[in-house]
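Biologist: Please take one part of this model and go through it closely, then work outward from there. I would like the residues named as you go.

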Amino acid sequence: MEEIVYLNGSFIPRSKAWISAFDHGFLYGYGLFETMRAYGTHIFRLGRHLARLAQAAEILGLASKLATFDLERAARDTLSANDLKDGSIRLTVSGGEGEMIPDPSTCRYPTVLIAARGYTPYPIQIYKSGFRAVLSSLRRDSQSPLSRIKSANYLINVLAKMEARASGADEALLLNELGFLAEGSTCNLFLVAGDILFTPSLKSGILPGITREAVLELASGLGIEAREQEMTLSELFEADEAFLTSSLLEIMPLTGFDGKPIGTAKPGAVTERLMAAYKELVEREARPQE
Ligand SMILES: Cc1ncc(COP(=O)(O)O)c(C=O)c1O
């Protein structure tokens with residue numbers, strides 16, 4: 001069966017899903033996206049993803065144009081239209097068609113696209129050995145609104161991922177313009193030192209990850225002290241454990257950085273506790289409510 005996508009209010013086969021060549025998402029990266037994970041037929045923290053999108057839409061001046069869309073329902077219906085159990089859902093919105101000038105007042109109707117695909121997680125062996133990362137030559141700008149939103153203008157992230165691939169690593173970590181640790185190209189970063197969990201603060205110029213937020217909640221429930229603060233590279237080199245988070249990765253141990261091991265180069269005890277708690281959390285939230 002051909003994949004069904006949601007485009008501007010209609011469910012249509014993927015091969016019929018066309019958008020204007022003059023869409024400002026394409027011309028200027030004037031748009032936003034969310035990537036979500038479904039467990040069974042439940043989209044994990046859909047409400048939080050849509051709240052982040054809504055906040056970002058305010059920044060881009062797209063909020064009023066999205067007001068007529070029931071994105072929550074559209075995301076769920078896209079998943080069920082494809083008869084998927086477990087999958088990834090990508091919601092993309094853009095300013096829509098406009099003139100060939102970077103002026104969004106020329107765009108009348110936004111473009112809203114939702115696609116859902118089956119998702120195969122990384123094999124368990126990868127979670128056991130962990131990711132290896134390198135330092136990106138690019139910087140996050142902690143003052144830029146673009147660092148805090150999932151805009152369709154993702155070139156810093158794309159270039160950082162290319163650097164990771166070019167050096168045979170799984171991820172690239174970016175510092176901000178002040179030299180503090182920010183995040184990975186498509187994930188947030190956590191460190192463990194002693195029995196304390198650390199993660200770069202929002203003011204470091206990071207995306208406020210939905211998984212990051214869930215991990216901080218889990219840490220609090222487990223009695224693990226967590227601190228959000230500015231962090232340095234040497235703290236990463238000296239960390240006992242580190243891990244990366246994203247909706248698709250969930251919690252991925254980070255066991256090597258710039259050719260050196262982190263801690264014992266194996267997933268650490270705190271990381272493993274959080275991984276188990278995260279698994280329980282997604283199962284609990286996916287269970288139908290009695
Ligand atoms: C730059 C960046 N940081 C962090 C994340 C993790 O966000 P989330 O946990 O909401 O998936 C992503 C996800 O794609 C990302 O692109």
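Modeller: One cut-off comes first: a residue counts as buried if 20 or more other C-beta atoms lie within 10 Å of its own, as exposed if 12 or fewer do, and as partly exposed in between. The model is predicted.

The part to start with is helix H7, residues 210-222. By that cut-off, its buried residues are Ile210, Thr211, Arg212, Ala214, Val215, Leu218 and Ala219. The length of H7 can be checked: at 1.5 Å a residue, its 13 residues should span 18 Å, and the C-alpha atoms at its two ends are 18 Å apart, which agrees. Just after H7 comes glycine 223, with a positive phi of about 75 degrees.

H7 also takes part in the surroundings of the ligand. The shell there has 14 residues, and those that come nearest are Leu207, Gly209, Ile210, Thr211 and Ser247. Ile210 and Thr211 are also among the buried residues of H7. H7 gives the most to this shell, with 3 residues. At least two residues of the shell are supplied by H7, and at least two by strand S13, residues 241-246.

That leads to S13. Here 6 of the 6 residues are buried, so the strand is largely enclosed by the rest of the structure. Glu241, Phe243 and Thr245 point one way from S13, while Ala242, Leu244 and Ser246 point the other way. S13 has antiparallel pairing with strand S10, residues 188-193, over 5 bridges. In that pairing, leucine 189 has leucine 244 of S13 as its bridge partner. S13 also pairs with S14 in the antiparallel sense, over 4 bridges, and there leucine 244 is partnered by methionine 252. The connection from S13 to S14 is a hairpin through 3 residues.

Past S14, aspartate 258 lies in the loop between strand S14 (250-257) and strand S15 (260-261). Its phi is positive, about 50 degrees, although aspartate 258 is not a glycine. Most residues other than glycine have a negative phi. Aspartate 258 counts as partly exposed because it has 15 C-beta neighbours inside 10 Å.

Further along is alanine 276, in helix H9, residues 269-286. Alanine 276 has 13 C-beta neighbours inside 10 Å and therefore counts as partly exposed. Its C-alpha atom is separated by 9.5 Å from that of isoleucine 251, and the two residues are 25 apart along the chain.

Another region to describe is an open sheet of 6 strands, with antiparallel pairing and the order S2-S1-S6-S5-S3-S4. Strand S2 (10-13) and strand S4 (42-43) stand at its edges with a single partner strand each, so one side of each has no neighbour in the sheet. At one of these edges, strand S1 (residues 4-7) and S2 pair in the antiparallel sense over 4 bridges. Tyrosine 6 stands opposite phenylalanine 11 in S2. The loop between S1 and S2 holds asparagine 8. Phi of asparagine 8 is near 50 degrees, a positive value in a residue other than glycine. With 15 other C-beta atoms within 10 Å, asparagine 8 is partly exposed.

Two helices go with this sheet. Helix H2 (residues 46-60) lies across strand S3 (31-39), S4 and strand S5 (87-94), and runs at about 180 degrees to S3. The other is helix H4, residues 71-81, whose buried residues are Ala74, Ala75, Thr78 and Leu79. These residues cover an arc of only 135 degrees around the axis, which puts them on the same side of H4. An α-helix has 3.6 residues a turn, so residues three or four places apart point the same way. The cover over the buried residues of H4 includes S1, S3, S4, H2, S5 and strand S6 (111-117). On the face of H4 turned away from its buried side are the exposed residues Arg73 and Ser80. Aspartate 83 follows H4 and has a positive phi, near 50 degrees.

Definitions and conventions:
Residues numbered from 1 in each chain as written. Predicted model: local features only at pLDDT ≥ 70, side-chain atom pairs only at ≥ 80, totals over all residues. Expected span 1.5 Å × (residues − 1). Pairing = 2+ DSSP bridges. Contact = placed C-beta atoms within 7 Å. Axes fitted to C-alpha atoms, helices over the stretch in contact; angles between N-to-C directions. Arc of directions from axis to C-beta. Near = placed C-beta within 6 Å.
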